[in-house]
Amino acid sequence: MSGLAKRIVALPSLSATEALAAGIAAMARAGDCILLEGPLGAGKTAFARAFLRAAADDPALEVPSPSFTLVQSYETKIGLVFHYDLWRLDGSASLTELDWEDALDAIVLVEWPDRLGNLRPETALTIQFETGDGDVREAALTGWDGRLPASFSSWPGLSGPPIPAPAATGGPDNTPDKPGQGPDGGAAAA
Ligand SMILES: Nc1ncnc2c1ncn2[C@@H]1O[C@H](COP(=O)(O)OP(=O)(O)OP(=O)(O)O)[C@@H](O)[C@H]1O
Ligand SMILES: [Mg+2]
């Protein structure tokens with residue numbers, strides 16, 4: 001887990017996040033796990049949605065946030081993809097009820113992967129999203145050494161030089177209930 005290179009990608013707009021997701025989807029294969037970290041509204045679901053739309057080759061694919069179902073699976077052109085949002089997970093033991101074992105044989109996207117505890121796959125690609133002003137986001141990618149390019153600036157939709165890595169920041173600490181901000185069309189009735 002230690003000593004892995006960290007790659008920083010500037011995401012000045014939603015379309016840049018979508019471009020990064022499409023590029024990662026083009027590389028993904030069965031057995032891959034992609035952990036999406038970052039605060040509320042950082043763009044984890046936006047990334048997952050673009051990933052799934054690219055994987056399915058369907059720009060109109062409906063990808064609701066799985067905040068309430070905790071997991072949603074999709075049959076795509078690159079195989080089965082499981083999309084988890086573990087914010088509400090009640091202990092990692094409940095993961096067995098959420099097809100976690102099957103998911104690991106497929107492609108897995110996980111929002112709030114800190115909930116995985118010691119079930120966190122060591123070979124995963126971790127993408128840590130940070131928010132900036134307005135639509136500005138930044139992604140720090142760790143893992144998949146030897147698979148990822150040194151720079152993403154040549155990827156379609158991602159241009160400009162990489163931004164130097166900032167000092168590492170901690171993940172979310174204590175997480176009470178997720179605010180009732182409806183996840184894209186979600187019915188978060190308070
Ligand atoms: N550069 C960007 N990348 C990603 N999303 C962006 C960007 N700029 C603006 N947005 C907007 O930010 C919001 C991100 O919401 P999203 O649901 O993806 O966050 P999240 O990290 O999944 O939050 P949560 O922890 O609540 O699940 C969306 O409304 C999206 O359109
Ligand atoms: Mg989300």
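This is a short tour of a predicted model, moving from the whole chain to one helix, the core and the ligand shell.

Residues are numbered from 1 along each chain as its sequence is written, while chains are lettered from A and ligands numbered from 1 in the order in which they are written. Because the model is predicted, local features need pLDDT of at least 70 and side-chain atom pairs count only at pLDDT 80 or more, whereas totals for chains, interfaces and linings use all residues.

Begin by colouring the protein by pLDDT, the predictor's confidence in each residue from 0 to 100; the average is 87, and 81% of the residues score at least 70. Then select residues 181-190, where pLDDT stays under 50 and the model has 16 contacts beyond four places in sequence, a contact being a pair of C-beta atoms, placed from the backbone, within 7 Å.

Switch next to a cartoon, which shows 3 helices and 7 strands, taken as DSSP runs (helices H or I of at least four residues, strands E of at least two) numbered from the N terminus. Followed from that terminus, the elements run β-α-β-α-β-β-α-β-β-β.

Now select α2 (44-56), whose 13 residues reach 18 Å from first C-alpha to last, close to the 18 Å expected at 1.5 Å a residue, that expectation being 1.5 Å times one less than the number of residues. Of these residues, 12 are buried, meaning that 20 or more other C-beta atoms, placed from the backbone, lie within 10 Å of their own. The buried residues of α2, among them K44, F47, F51 and L52, pack against α1, β2 (33-37), β3 (71-76), β4 (79-85), β5 (107-111) and β6 (125-131). Just after the helix, D57 has a positive phi, near 55°.

From here, display the largest nonpolar core, a set of 46 residues in which L20, I34, F51, V108, L109 and I127 have the most contacts; such a core consists of buried Ala, Val, Leu, Ile, Met, Phe, Trp, Tyr and Cys residues joined through C-beta atoms within 7 Å. The element giving the most to this core is α2, with 8 residues. Centre on L109, which, leaving aside neighbours within four places in sequence, is in contact with I34, L36, A48, F51, V81, H83 and Y84.

Finish at ligand 1, where T17, G43, K44, T45 and D135 come nearest among the 19 surrounding residues, a residue being near if its C-beta atom, placed from the backbone, lies within 6 Å. Both α1 (14-27) and α2 supply at least two residues of this shell.

Methods:
Two residues are in contact if their C-beta atoms, placed from the backbone, lie within 7 Å.
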